[in-house]
Amino acid sequence: MEDRFVPAFCTEYDTYGSVRSRSSLLFDTIVAFGARAAKGHLSSSFQRLHTKLRERLCNLVLDPMTSRHGGVEAIQALLIHACYAEDGWLLVSLAIRLAIKLNLPDSLEDLLRMVTRRKSHNLQNITEQEQDLFRATRVWCAVFNLEQM
Amino acid sequence: MLQQSRKKDINTHPIDNLVVSQLPPSRSTDVLARSANPASPPCTASALSDVWSERNAFIGVGVRHNQGQYSTSHNFRLSIWRTEDFVAQGIVSEQEALNSFSEFFHGCVSISGS
């Protein structure tokens, strides 16, 4: 398996349909950078998508706290941009602020508490809330790692 | 907290006033076809979500059945207001988007995760 040093996605959860239903910003970002991976950063298709995406990103940067842009998906989109931008630190900083707004830093502790409680009751089934916390923890760790680089 | 944030999001949208004519043509056709069937539920938001999840067109992953109930209708509500993506705008085709999406998880390994 490849080196995944900043894992921000779950390939089982963040599927095409799931991402598209949750956030057009994240969806478009993945599609654009997927085109870049496939055809190169100088390809016309990537440049076209990236230009359109930049406007959306500006809206997010200028108005990050609106409910329309909020959410873990916005943070994931910022992470993708940050990984390919020369001034990625700026976007990571914004991602950190959004993550704090969503209480993502508490997600790991909440997750551990929930897992411990579940195991103490000998329950095997992972709850939906636990899965949400796991995803939040994953994104938080990804933001944190990137911020430390 | 995440749930609260999302609920706050959806509560700002007047989804309950949605009418079929506001939907993109392909989806409104589906909805109309379904509404013509007496056995189908009325064209409420829940009914629309049912159509979409069955057809997998909008790929309403947020719309899940839980013992016959729509347990996460708020996710569906969110999805309606987020249709302005590249595919919906016709900037890329569905197939191109699928290919790029797949390529992202194969080619951008450092951030894609597992």
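Select α4(A) and α5(A), two helices (DSSP runs of H or I, at least four residues, numbered from the N terminus), whose axes, lines fitted to C-alpha atoms over the stretch in contact, come within 8 Å and cross at roughly 165°. Because angles over 145 degrees, on a scale from 0 to 180 degrees between N-to-C directions, count as roughly antiparallel, α4(A) and α5(A) are roughly antiparallel to each other. This is a predicted model, in which local features need pLDDT of at least 70 and side-chain atom pairs count only at pLDDT 80 or more, while totals for chains, interfaces and linings use all residues. Residues are numbered from 1 along each chain as its sequence is written, and chains are lettered from A in the order in which they are written.

Now show the residues of α4(A) that meet α5(A), including Ile75(A), Leu78(A) and Leu79(A), and their partners in α5(A), among them Leu91(A), Ala95(A) and Leu98(A); contact here means C-beta atoms, placed from the backbone, within 7 Å.

Next, select α2(A) and keep α4(A) in view: the axes of this pair come within 8 Å and cross at roughly 25°, and α2(A) and α4(A) are therefore roughly parallel, the word for angles under 35 degrees. Their contact includes Ile30(A) and Phe33(A) of α2(A), and Ala77(A) and Ile80(A) of α4(A).

Finally, select Ile30(A), Ile75(A), Leu79(A) and Ala95(A), which are among the residues with the most contacts inside the largest nonpolar core, a set of 47 residues. Such a core joins buried Ala, Val, Leu, Ile, Met, Phe, Trp, Tyr and Cys residues through C-beta atoms within 7 Å, where buried means that 20 or more other C-beta atoms lie within 10 Å of a residue's own. The largest share of this core, nine residues, comes from α2(A).

Definitions and conventions:
A residue is buried if 20 or more other C-beta atoms lie within 10 Å of its own, exposed if 12 or fewer, and partly exposed in between; C-beta atoms are placed from the backbone. Angles under 35 degrees count as roughly parallel, over 145 as roughly antiparallel, 65 to 115 as roughly perpendicular and the rest as oblique. Two residues are in contact if their C-beta atoms, placed from the backbone, lie within 7 Å.
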